[in-house]
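Subject: Structure for you to look at

Hello,

I am passing on the structure we talked about, with my notes below it. Please look through it before reading on.

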Amino acid sequence: MLKHAARPLRHLTAAALLAACGVAAQAQAQIVEHVLHPTDFASARTALEDSIAAEGLAPPTVSEFGNMLQRTAPTLGHPADTYREAVIFTFCSAHVAGRMTAETPRHIALCPLSMALYTLPAEPRRVHLTYRLPATATPGGELAEALLARIARRTADTLGLH
């Protein structure tokens, strides 16, 4: 009888542990921001594309994020003017992806990597380059972090901002 009474408590404890792990994983996700100033959006976009290519990576997929928000604002009710311009570049490094997924197959969720560029309406010559660090403190995660940092640094260098 005690064995059956303990079962709901065990399920509750397991659920609490899973929830705590989820919160911890979310808390680890960090966004890195580089402010590219003074420059214009088009120059920063070209510099980022060139920096990704310089790593030997295939051209990134580009999401026109700002345009999507402007287009959907009337229907969905969110602000249309958060950004003056905003794009998200997604790309993959076979070397980094291979290392991360060899560590654990679930690291597939960390690919592709992404970097975003945006400007705010009041500051068109201040371009923000942001990216999310992989939430894993592993050798593969470190490779991904180093790759993202190199691309960001090369982008700023190309623009003459370092």
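One residue to begin with is H128, which counts as buried because its relative accessibility is 8%, under the 20% cut-off. The model is a predicted one. H128 is part of strand 5. Leaving out residues up to four places away in sequence, H128 touches E33, H34, V35, A116, L117, Y118, L120 and E123. Between H128 and F41 there are 9.2 Å from C-alpha to C-alpha, although the two are 87 residues apart in sequence.

The overall layout is as follows. The protein has five helices and five strands, and from the N terminus on they are arranged as α-β-α-β-α-β-α-β-β-α. Of the 162 residues, 30% are buried. If one takes the contacts between residues at least 6 apart in sequence, 71% of them join residues at least 24 apart.

Next, the core. In soluble globular proteins, nonpolar side chains tend to be buried together. Here the largest nonpolar core consists of 24 residues, and the ones with the most contacts inside it are L48, F91, M115, L117, L129 and I151. At least two residues each are supplied by helix 2 (41-54), strand 3 (85-91), helix 4 (94-103), strand 4 (113-120), strand 5 (123-132) and helix 5 (139-158). Helix 5 provides the largest share of this core, with six residues.

L117, one of the core residues with the most contacts inside it, can be followed in more detail. Apart from its neighbours within four places in sequence, L117 is in contact with L36, F41, A44, R45, L48, E85, A86, V87, F89, V127, H128 and L129. H128 and L48 are therefore both among the contacts of L117, and H128 is the buried residue described at the start.

Then the helix pair. Two packed helices are described by the angle between their axes and the distance between the axes. For helix 4 and helix 5, the axes come within 8 Å and cross at roughly 155°. The two helices are therefore roughly antiparallel to each other, since the angle is over 145 degrees. The crossing of helix 4 past helix 5 is left-handed. On the helix 4 side the contact is made by H95, V96, R99, M100 and E103, and on the helix 5 side by P139, G140, G141, L143, A144 and L147. Sorted by type, the residues of this contact are six nonpolar, three polar and two charged.

T136 sits in the loop between strand 5 and helix 5. Is T136 buried or exposed? T136 is buried, because its relative accessible area is 10% and the cut-off is 20%. Not counting residues up to four places away in sequence, T136 touches H107, L110 and G141. G141 also belongs to the contact between helix 4 and helix 5.

Last, the peptide bonds. Most peptide bonds are trans. Which residues are joined by a cis peptide bond with omega of about -5°? They are H37 and P38, and P38 is placed in the loop between strand 1 (31-36) and helix 2. C111 and P112 are also joined by a cis peptide bond, with omega about 0°. P112 is in the loop between helix 4 and strand 4.

Regards

Methods. Residues numbered from 1 in each chain as written. Predicted model: local features only at pLDDT ≥ 70, side-chain atom pairs only at ≥ 80, totals over all residues. Heavy atoms only, no water. Core = buried A, V, L, I, M, F, W, Y, C linked by side-chain atoms within 4.5 Å. Buried < 20%, exposed > 50% of the residue type's maximum accessible area, 1.4 Å probe, protein only. Helix = DSSP H or I, 4+ residues; strand = E, 2+ residues; numbered from the N terminus. Contact = heavy atoms within 4.5 Å. Axes fitted to C-alpha atoms, helices over the stretch in contact; angles between N-to-C directions. Parallel < 35°, antiparallel > 145°, perpendicular 65-115°, else oblique. Left-handed = near helix turned anticlockwise from the far one by under 90°. Nonpolar A, V, L, I, M, F, W, Y, C, P; charged D, E, K, R; others polar.
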